[in-house]
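The following exercises concern a ligand site and the pockets of a protein. Each task is followed by a solution in steps.

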Amino acid sequence: MKLVIASGNAKKRSEIERITCRLGIDIVPLEQTIFVEVVEDGRTFSENAAKKARAFAKANNCAALADDSGLCVEALGGAPGVMSARYAGDGASDEANILKLLEAMKGIRQRRACFYCHMFLALPNGEPLTEASGKVCGEILETPKGRDGFGYDPVFYCPELGKTFAEATPEEKDRLSHRGKALRALSVKLARLVPHS
Ligand code: IMP
């Protein structure tokens, strides 16, 4: 069965593709995917992931995998959370979101934060097949470091790596990231559904 990724975020897609490729799973290329506008108005990552996966599965008439993810900062009561992509407003750039986060955290010494990812795999009729989540915790730096990755990676310091996710190699990030953990938790069911060609 074919599998589409329910996301137009190029960097997120490329992370999902490189992890699923390593797990031996083929994905329908972006240009062959029928896109649907999904309003991400859920209160949780899992609600939003389910909504996206179901809509893409029905529109493409094949299995769909959705990732809803974000950064939760303890000292900000879990913000930006489900609002991570549009923390500084609709269509905000990664730079604008980081700037807003660093402003909000000015003078705050307790800088613990976690990335969460919820993955939802839907069948062609939109019914759920399986879902899983992943989490990685670290600290928010006062200034960005590194040029790789996306989103809040330049300010997310990962203690296990001793550097930010934006300074990590793709392999290092995938091994520890919320997304890598969630995908590996789904991998057996995913591989059974979408055998490698
Ligand atoms: P979504 O498309 O609503 O799931 O938005 C996810 C947002 O959370 C992204 O646009 C980033 O701002 C942030 N985010 C999620 N995962 C990561 C990551 O691995 N690194 C950095 N930022 C992330």
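**Exercise 1.** Determine how the shell around the ligand divides by residue class, and which element contributes the largest share.

*Solution.* In this predicted model, the shell holds 8 charged, 5 polar and 4 nonpolar residues. Next, consider where these residues come from: β2 (63-73) and α5 (178-193) each supply at least two of them. The largest share is that of β2, with 4 residues. Finally, of the 17 residues around the ligand, K12, E40, D153, K173 and R179 come nearest.

**Exercise 2.** Identify polar contacts to the ligand, and state how much of the ligand the protein buries.

*Solution.* Begin with the side chains: a polar atom in that of E40 is 2.9 Å from a ligand oxygen. Then turn to the backbone. An N or O backbone atom of S69 lies 3.0 Å from an oxygen atom of the ligand, and one of Y152 lies 3.1 Å from a ligand nitrogen. The ligand taken alone exposes 490 Å², of which the protein buries 94%.

**Exercise 3.** Describe the largest pocket and the second largest pocket by volume and lining.

*Solution.* The largest pocket is the space taken by the ligand, and its volume is about 880 Å³. Its lining comprises 35 residues, with N9, K12, E40, K52 and A85 nearest the centre. By class, this lining has 13 nonpolar, 10 polar and 12 charged residues, and β2 gives the most, 4 residues.

The second largest pocket has about 190 Å³ and is lined by 14 residues. Here α3 (94-104) gives the most, with 5 residues. D94, E95, I98, G151 and P154 lie nearest the centre of this second pocket.

Definitions and conventions. Residues numbered from 1 in each chain as written. Predicted model: local features only at pLDDT ≥ 70, side-chain atom pairs only at ≥ 80, totals over all residues. Heavy atoms only, no water. Near = heavy atom within 4 Å. Polar contact = N/O pair within 3.5 Å; in protein donor to acceptor, adjacent residues only side chain to side chain. Areas by Shrake-Rupley, 256 points an atom, 1.4 Å probe, with all protein chains shown as cover. 1 Å grid on protein atoms, 1.4 Å probe; cavity = no way out; pocket = protein on both sides within 12 Å on 5 of 7 lines; lining within 4 Å. Sits in = over half its atoms within 2 Å of the grid points. Helix = DSSP H or I, 4+ residues; strand = E, 2+ residues; numbered from the N terminus. Nonpolar A, V, L, I, M, F, W, Y, C, P; charged D, E, K, R; others polar. Points joined across faces, edges and corners; volume = space filled by probe spheres on them.
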